[in-house]
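Me: I'd like a close look at one pocket in this one. Walk me through its lining, then carry on into whatever lies around it.

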Amino acid sequence: ENLLFEYPAFDDTLEFVKKFRNPVIDGTPGRGWCAGVLGESRSGKTYVLQRYLEHNPPVVADDGESYPVLYLEARDDWSPHHFAEQLYMATGAKSIPSMKTAMLTTACMRRIAAARCELVIIDDAHFLLLERRGRPLNLFKSYIKAILDLKTCNVLLAGLPELHDFVWINAQLEGRGGFPKHHVLPLDWKLKEQRDQFRLLLHGIDERLPFRRLSGLSTPDAAADFHRFSGGVIGRVMNVVQAAAFAAINDGAACISDLHLKLATDQRRRPKDSYGYFERSNSQ
C-alpha cells in the first residue's frame with residue numbers, strides 16, 4: 001500500500017517544488033508567489049508532495065518549533081471555516097480556539113508567520129476553487145491571497161489541470177508570481193523515451209514487491225497491457241498491482257502471475273472495454 005518508486009517524472013516534479021520554494025540554491029525562500037502542480041486524478045501529484053513534506057518535517061530549536069512546509073489536503077465538503085481550522089492545526093496547534101471564521105483566519109495568518117513557514121501546499125485545491133460559487137469561493141480566494149500577502153512564504157496549489165485557467169483569470173492570484181506551473185502528465189507509450197520510463201517504473205515496482213521472484217511486470221507484453229489499461233496514469237497502475245499482489249499473497253504464490261493481473265483488470269475495466277488484458281500463458 002505504501003510502495004513508492006521515484007522514477008524520472010517523479011523526480012522532475014519534486015525538483016519543481018524545491019526550486020519554487022527556494023528559487024536560488026542556498027538562498028532565501030520565495031515569498032508571496034503562487035504556483036501550481038497540475039495533473040489528472042491519480043497522476044501521482046500527492047505522492048510527490050507528501051514525500052517532499054516527509055523530507056521537510058517540523059524543526060525543534062531552542063526558540064520553539066518551526067514548520068517550514070505546511071500541507072493541507074482539501075476536501076469537497078470543506079467550508080471556509082473548515083479550511084481555516086485545518087490551516088490552524090497544520091501550524092502545530094494542539095487545539096482550535098472557538099471564534100468566528102474571520103477572527104480564526106487572522107489567527108492563522110499570525111501562526112503561519114510565527115511558525116516561520118516557507119511553503120504552504122494546498123493539495124486537491126480544485127475542491128476549493130473549481131467547485132464553489134458565490135461567497136464561499138470568494139472567501140477561499142481571499143484566504144489564499146492573505147497567505148500570499150504575508151510575504152513570508154509561497155503557496156503551491158496542486159490539483160486538476162483546469163486550475164490553470166481559473167488562476168489565470170483571477171489576477172489576485174495570477175499576479176503574484178505569474179503562476180509558474182508543472183504538469184504531471186501520463187507517460188506516452190508512443191514515445192520511446194517515455195515508454196522506457198514506464199517500463200523502468202514497472203521494474204522498480206516489481207523489485208520492491210514482497211515476493212521470492214520478480215513478477216515480470218516490465219516485460220514488453222505486460223508493460224503494453226499496463227499502459228493500455230492505465231493510459232499511463234501511475235495511480236491506475238498501482239490499483240492493479242496492489243490488487244494482484246494481495247491475490248498472490250493469499251495464494252501463497254512466489255510472484256504475481258498473469259492470472260492475478262487479469263483478475264485485477266477484469267474487476268476494474270472501464271465500461272465497454274472488452275480488451276483481453278494479460279491473457280497469455282504464464283510460465284513464471
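How do the residues of the lining of the second largest pocket divide into nonpolar, polar and charged?

Reply: That lining divides into 5 nonpolar, 5 polar and 2 charged residues (Ala, Val, Leu, Ile, Met, Phe, Trp, Tyr, Cys and Pro are nonpolar; Asp, Glu, Lys and Arg charged; the others, Gly among them, polar). Bear in mind that this is a predicted model, where local features need pLDDT of at least 70 and side-chain atom pairs pLDDT 80 or more, while totals for chains, interfaces and linings use all residues. Numbering starts from 1 along each chain as its sequence is written, and side-chain values use heavy atoms, without hydrogens and water.

The space in your pocket comes to about 180 Å³, a volume being what probe spheres fill when set on grid points joined across faces, edges and corners. On a 1 Å grid over the protein atoms alone, a pocket is an open set with protein on both sides within 12 Å along at least five of seven lines, a cavity is where a 1.4 Å probe fits but cannot get out, and lining residues have an atom within 4 Å of a point.

Here is who lines the second largest pocket: Ala-9, Asp-12, Thr-13, His-182, His-183, Val-184, Leu-185, Pro-186, Leu-187, Glu-193, Gln-194 and Gln-197. Helix H1 (8-21), strand E7 and helix H9 (192-208) are the elements that each give two or more residues to that lining (DSSP runs numbered from the N terminus: helices H or I, at least four residues; strands E, at least two).

Some of those names come back in a cavity. The structure has 2 cavities of 30 Å³ or more, and the second largest is about 40 Å³. Its lining is Tyr-7, Ala-9, Ser-43, Val-184, Leu-185, Pro-186, Leu-187, Gly-232, Val-233 and Ile-234. By class that makes 8 nonpolar, 2 polar and no charged residues.

Now follow E7 into its sheet. 5 strands make an open, parallel sheet in the order E4-E5-E6-E1-E7 (strands pair at two bridges or more in DSSP). E7 (181-183) is at one edge and E4 (69-73) at the other, and each has a single partner strand, so one side of each has no neighbour in the sheet.

Go across to the E4 end and you meet E5 (residues 119-123), which pairs with E4 in the parallel sense over 5 bridges. Leu-70 has Val-120 as its bridge partner in E5, and Glu-73 has Asp-123. With E6 (residues 154-159), E5 pairs in parallel over 4 bridges, and Ile-121 stands opposite Leu-156 in E6. E5 is mostly covered, with 5 of its 5 residues buried (under 20% relative accessible area, 1.4 Å probe, protein chains only; over 50% is exposed, in between partly exposed). Its two faces are both covered: Leu-119, Ile-121 and Asp-123 are buried on one side, Val-120 and Ile-122 on the other.

Glu-73 also leads to the largest pocket, about 260 Å³ in volume. Of its 14 lining residues, Arg-42, Lys-45, Thr-46, Glu-73 and Asp-124 lie nearest the centre. Helix H2 (residues 45-55) gives the most to this lining, with 4 residues. The classes are 2 nonpolar, 7 polar and 5 charged.

And the cysteines? The whole structure has 0 disulfides (cysteine sulfur pairs within 2.5 Å). Cys-153 has its closest cysteine sulfur in Cys-117 at 4.5 Å, too far for a bond, and Cys-153 is buried at 0% relative accessible area. For Cys-108 the closest cysteine sulfur is also in Cys-117, 12 Å away and too far for a bond. Cys-108 is buried too, at 1% relative accessibility.
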